[in-house]
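Okay, thanks for coming, everyone. I've got one model to walk you through today, so let me put it up on the screen.

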Amino acid sequence: MINIKFPDGAIRQYEKGISALAIARSISEGLAKKVLAASVNGVVQDAHRPLDKDASLQLLTWNDADAKSTFWHSSAHLLAEAIEAQFPGVKFWVGPAVEQGFYYDMDLGDRKITEEDLALIEKKMAELAKKDSSFERIEISKQEAIRYFSEKGDEYKLDLLQGLTDGEITFYKQGAFIDLCRGPHIPSTAPIKAIKLTSLAGAYWKGNEKNKMLTRIYGISFPTQKELDDYLLMLEEAKKRDHRKLGKELGIYTMDDDVGPGLPLWLPNGTILIEELERLAKETETAAGYKRVVTPHIAKESMYLTSGHLPYYADSMFPPMEMDGEKYYLKAMNCPHHHKIFDAEPKSYRELPFRIAEYGTCYRYEQSGELFGLMRVRCLHMNDAHIYCSKEQFFEEFKAVNEMYLKYFTIFGIDKYVMRLSLHDPAKLGQKYVNEPVLWQETEAMVRKVLIDTNTPFVEVQDEAAFYGPKIDVQIWSAIGREFTLATNQVDFNSGIKFKLSYTNKENHPETPLIIHRAPLGTHERFIGFLLEHYAGKFPLWLAPVQVRVLPISDKFLGYAQQVEQALKKAGIRAETDDRGEKIGKKIRDTELLKIPYMLVVGEKEMSEGKVAVRRQGKGDLGAQPVGEFVALASQEIISRKSE
RNA sequence: GCCGUUGUAGCUCAGUGGUAGAGCACUUCCUUGGUAAGGAAGAGGUCGUGAGUUCAAUUCUCAUCAACGGCUCCA
């Protein structure tokens, strides 16, 4: 007998060799049907597998994240089974579960799968799922596994086998499909009741662009049709807050073929957003001791050779213009220009930290396939600044930058993000990263200390650093789930050396400053794209391009409406009047759809009393108040940059 | 850059081998209406661009550009 401990602390005895599934069945048949996998001593495994010693056991059902990914991984096998049935001879690479669903990568040879085929494959999957084939786990020796795939002529699975050692190799079989797989899987195919193949894409083998491109099919599956319907509905909802859609509807920005890809044109409403963000940034930075500078949009090749950017990033800079035998590049970053400003006059330790900020535009030749609305563009307004400081000052300076992020995040109510400490990969020193092993280690330790000392939750990621030093990135997700870096705070121990920057220290010796590159608001483009999705277009009053719209009941009151508009404008409030010959219901509807925060309805009653009937977007009628009172309240809401 | 899909009016989309349609938006007129769509009329598109096939191309073929979904990249 063995002792099995349950999550509630209860311990029960079972016969040695019993499976988690059988234990579930002993509790209730209903539970057994719902069990998808088992967590044994914290390790997820097949619910079928025999338990041969004491263990703590958790039966995993659909509501457990681990069970979901097991379910999706099994769905990927089902996908492969369906494809093998319809396209015999297809070679499979890997088919993991992802955050929302699963995919399988395959080599179709000369054949092609079209989007129409996806519907057929879906059907086939449903058919196969109904057969309720169990997922059988087969332990196999490496030699046998190699023989099996050699006979099949499957170079992909043979490649996978190379990385595995004997004794840990398993196959899984369901129906007619056998795959090299470490598992775990759900007990059988029947629970997979609702399937949607969502997209057909290409993906480089092993994620390397020099390799062959495989065909990838993405899909998602659920235990019930309703859950699939709900998921598809949620996707529709997410699309409604896509910044590209809202950006168009709210007149924020536009793109034009004649201007060029990735080069947004900021419309008047979008320009107000930029100006408000810059106003916030300038106030914040002035208070934090930054000075503002302005630098040209181009510079000579020699500067980018000095900075070391050219060897790393030439491909993602616009090609140079030749003038008088010199090559000039459009700037892709402000740093080198700022270093030259630091270097313009001799510096004493008394002038450090030297903090300079700029809101200039930079130009990056992003790969055409990477462009994405406002989130990834070729012309970007950086919320950029550089801090030159001593080693002793570094900790406080870096910490202050982090605190500045958090202050901004509070203002905008941003709470869904991940702080990512990006480190170098020692194997790539001298290639992707400057070859200063000691400095890397020192600065990485300093940055980590800032995060730990400030109790900031973070994740560490290898091989994501900038070429000149480690950094902290703030990762966010777009409405459709794509990940982006919103803000960044980077250490640079290298540019100071490259540009021969120095200051005179207390002992009257020259010393190289450390440099912090920071952009708490990232780029205006990405930040505004993010904010559009974050607020679903319903900006807080201080940011809203149009803050108040005055709606006369009929044009008899147009004159009064315009007086109210003037009073608002005089108080610095962005206001306009709806002077169309429409009914009030129509005017309200249109204004609601434009997500203008306040509507002031004025008619006979309001005009005679010098009032306005206030209506808040999304909230409805708030009642009448004197014009002056509304102006005062609205002004207060704007000044405090209140988020609703 | 690579794989796949798409490209018709300002927007969302229908449609056809014989040079085009709807709804919303827009303009004008009627209506002067009290908290999410009042009515009528009108204007608006060389069907992304270039070439080929054809008596004839927006429709078929090819190329190209752009957008979209991924992959790769992101100072």
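I'll go through the domains, then two sheets, then two helix pairs.

Before anything else, please keep in mind that this is a predicted model. So, how is chain A divided up? The domain assignment gives domain 1 at 2-61, domain 2 at 66-236, domain 3 at 253-534 and domain 4 at 548-639. If you take the centres of domain 2 and domain 3 over their C-alpha atoms, they sit 41 Å apart.

Let's start with a sheet at the beginning of the chain. It's an open sheet of 5 strands, and the order across it is β2-β1-β7-β4-β5, with mixed pairing. Which strands are at the edges? Those are β2, residues 11-14, and β5, residues 43-45. Each has a single partner strand, so one side of each has no neighbour in the sheet. Going from one strand to the next, the twist averages 35 degrees. There's a helix on this sheet too: α1, residues 20-27, packs on it and touches β1, β2, β4 and β7. The direction of α1 makes about 70 degrees with that of β7.

Now, you can see the mixed pairing if you look at β7, residues 55-60. Strand β1, residues 2-5, runs parallel to β7, and 2 bridges join them. If you want a residue to click on there, I4 stands opposite A55 in β7. Strand β4, residues 37-40, pairs with β7 in the antiparallel sense, over 4 bridges. For that pairing, try S39, which stands opposite Q58 in β7.

Next up, another sheet. This one is open as well, with 3 strands in the order β22-β31-β32, and the pairing is mixed. Its edge strands are β22 at 347-348 and β32 at 510-511, and each of them pairs on one side only. Between β22 and β31, which is residues 503-504, there are 2 bridges, and those two strands run parallel. K347 has Y503 in β31 as its bridge partner.

Okay, on to helices. A quick reminder: we describe two packed helices by the angle between their axes and by the distance between those axes.

First pair: α13, residues 391-412, and α14, residues 437-453. Their axes come within 10 Å and cross at roughly 45 degrees. That makes α13 and α14 oblique to each other, and their crossing is right-handed. Which residues meet here? From α13 we have K391, F394, F395, F398, K399 and N402. On the α14 side, they meet E442, M446, V447, K449, V450, L451 and D453. By class, the residues of this contact split into 7 nonpolar, 1 polar and 5 charged.

The other pair is α17, residues 558-570, with α20, residues 627-639. Here the axes are 10 Å apart and the packing angle is about 35 degrees. The crossing of α17 and α20 is right-handed. Y560, V564, A567 and L568 in α17 meet V627, F630 and V631 in α20. And what classes of residue make up the contact of α17 with α20? We get 7 nonpolar, no polar and no charged.

That's everything I wanted to show, so over to you for questions.

Key
Residues are numbered from 1 along each chain as its sequence is written. Chains are lettered from A and ligands numbered from 1 in the order in which they are written. This is a predicted model: local features need pLDDT of at least 70, side-chain atom pairs count only at pLDDT 80 or more; totals for chains, interfaces and linings use all residues. Side-chain values use heavy atoms; hydrogens and water are left out. Axes are lines fitted to C-alpha atoms, for helices over the stretch in contact, and angles run from 0 to 180 degrees between N-to-C directions. Angles under 35 degrees count as roughly parallel, over 145 as roughly antiparallel, 65 to 115 as roughly perpendicular and the rest as oblique. A crossing is left-handed if the near helix is turned anticlockwise from the far one by less than a right angle, and right-handed if clockwise. Contact means heavy atoms within 4.5 Å. Ala, Val, Leu, Ile, Met, Phe, Trp, Tyr, Cys and Pro count as nonpolar, Asp, Glu, Lys and Arg as charged, and the others, Gly among them, as polar. Two strands pair if DSSP finds at least two bridges between them. Domain bounds come from an automatic or database domain assignment.
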